[in-house]
Protein chains: 2
Amino acid sequence: MTPSPTLASPTALQSLRIGDVARLVGTTPRTIRYYEEIGLLPEARARPSGRHRLYTQAEVERLREVMRLKHLLGVSLEELKTLLSAEEARAEVRAQLRRAGVEPGRRRELLSEALGHIERQLELVRHRTAELGKLEHELAETRKRVRRRLREQDEHHEPRPVKAAAG
Amino acid sequence: MTPSPTLASPTALQSLRIGDVARLVGTTPRTIRYYEEIGLLPEARARPSGRHRLYTQAEVERLREVMRLKHLLGVSLEELKTLLSAEEARAEVRAQLRRAGVEPGRRRELLSEALGHIERQLELVRHRTAELGKLEHELAETRKRVRRRLREQDEHHEPRPVKAAAG
DNA sequence: TCTGATCTTTACGTTCACGTCAATTTCTTT
DNA sequence: AAAGAAATTGACGTGAACGTAAAGATCAGA
């Protein structure tokens, strides 16, 4: 149907292929396809099955964020998916909000919904940070104790055998 | 062979069985056996294969710590194992150090070895904490922005529709 | 237009971290 | 001593998260 004029030729606009994206974020094409398959990533836009997937820089960022969260929170991809419904929703929100034509009521609804998502994520992250912080503290304490014992040993007995006076 | 006198009868000294331990730490016997199998936990002391495993409170604590680290760091059991070579070594150190008969040289060696292990763990944890902290910060920033937009919206347009003035 | 590199789908394989079942055996209790 | 509860080893099963191989299609460049 009415082929659109040369508007946005296929190779224009940094269009990355799956292999490029994989290299950029340090993973494999298979993983990207898999994430798409389970709905963790949105299916690369309207693409007659069989054609190559094309990505934009924004999608690369998104993937980076996904992998970062996976690494940091160590949650299952399923949990991550629900967590990212937040991200998805926020993307949607941003899109809608840009369209300027939204009624203030709807707009407010979208914004406060996004806020809710963010707060959920934040809470989870804070919890983790707190736990980790506690562990860090405990480790530091232990280290202190061990160090003290080392000092005491060195003081009360022979002078520490300095193997090699570091320069 | 010469049955030892009633020293430490089987039921004496809080001796827990695998089921008890599992309940205590919130896991299953299978998991405990598995951890033992892959060497993440030391084989419950000298036990003619076939007899029931018996645990002490100390071992329960140890398992708790293992599970905590697994949860917090989200690493594979294999990585965890190397990380815990630290713990193991420290346990060994504590045991040796208690025996008072160790020569100061050896003692010092043990202590500084332990210190090294602790520092490795600490470093890893600190790194994680930092990353998580950064994420937390970013999320907080985003939240701030969204909140501001919400406020602006409410100010410039109709007064926010207060659904129910909370008491 | 041809070609080699990359991608597509399909499908089976793999590793990790256990779950589950079965046939016995060991403890505990009566 | 007898019985029931819980444990033991062994083996196979499972879901998650990809890896890998095959056969053909698509894409970028000469």
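This dialogue shows how to read several features of a predicted model.

Reader: Which pattern of helices and strands does chain A follow along its sequence?

Author: One begins by listing the elements in order. In this predicted model, chain A has 5 helices and 2 strands, and along the sequence they are arranged as β-α-α-β-α-α-α.

Reader: What share of the residues in chain A is buried?

Author: Burial is judged by counting neighbours: a residue is buried if 20 or more other C-beta atoms lie within 10 Å of its own. By that count, 14% of the 167 residues in chain A are buried. As for contacts in chain A with a separation of 6 or more, 57% of them join residues 24 or more positions apart.

Reader: How should I read a single residue, for example Glu78(A): is it buried or exposed?

Author: One finds its element and then counts its neighbours. Glu78(A) belongs to helix H4 of chain A. Because 11 other C-beta atoms lie within 10 Å of it, Glu78(A) is exposed. One may also set distance along the chain beside distance in space: Glu78(A) and Glu109(A) are 31 residues apart along the chain, with 27 Å between their C-alpha atoms.

Reader: In which helix does Pro29(B) lie, and what is it in contact with?

Author: Pro29(B) is part of helix H2 of chain B. Beyond its neighbours within four places in sequence, its contacts are Ile18(B), Gly19(B) and Ala22(B). Pro29(B) counts as partly exposed because it has 15 C-beta neighbours inside 10 Å. From Pro29(B) to Gly39(B) there are 10 residues in sequence and 15 Å in space, C-alpha to C-alpha.

Reader: How many residues has helix H5 of chain B, and which of them are buried?

Author: For a helix, the span can be set against the one expected at 1.5 Å a residue. Helix H5 of chain B, residues 104-156, has 53 residues, and the 76 Å from its first C-alpha to its last is close to the expected 78 Å. A second idea helps with its side chains: an α-helix has 3.6 residues a turn, so residues three or four places apart point the same way. Among the buried residues of H5(B) are Arg107(B), Leu110(B), Leu111(B), Ala114(B), His117(B), Ile118(B) and Gln121(B).

Reader: How many residues does each chain bring to the contact between chains A and B?

Author: A contact is described by its two sides. Chain A provides 33 residues and chain B provides 33 residues. On the side of chain A, helix H5 (residues 104-156) gives the most, with 29 residues. By class, that side holds 14 nonpolar, 8 polar and 11 charged residues.

Reader: What rotation superposes chain A on chain B?

Author: The two copies are compared by rotation and shift. A rotation of 180° with 0.0 Å of shift along its axis superposes them, with an RMSD of 0.2 Å. This is therefore the relation of a two-fold axis. In chain A, Gly74(A) has the C-alpha nearest the axis, at 2.7 Å. The same surface serves both copies, as 100% of the contact residues of chain A recur in chain B.

Reader: Which residues come nearest to each DNA strand?

Author: One takes each strand in turn. Around DNA strand C there are 22 residues, of which Arg17(A), Gly19(A), Arg53(A), Ser76(B) and Leu77(B) come nearest. The elements giving two or more residues to this surface are helices H1 and H2 of chain A with helices H2 and H4 of chain B. Its classes are 5 nonpolar, 10 polar and 7 charged residues. DNA strand D is surrounded by 21 residues, the closest being Thr31(A), Ser76(A), Leu77(A), Gly19(B) and Arg53(B).

Terms used:
Residues numbered from 1 in each chain as written. Chains lettered and ligands numbered in written order. Predicted model: local features only at pLDDT ≥ 70, side-chain atom pairs only at ≥ 80, totals over all residues. Near = placed C-beta within 6 Å. Helix = DSSP H or I, 4+ residues; strand = E, 2+ residues; numbered from the N terminus. Nonpolar A, V, L, I, M, F, W, Y, C, P; charged D, E, K, R; others polar. Contact = placed C-beta atoms within 7 Å. Expected span 1.5 Å × (residues − 1). Buried ≥ 20, exposed ≤ 12 C-beta atoms within 10 Å, placed from the backbone. Least-squares fit on C-alpha atoms with pLDDT ≥ 70 in both.
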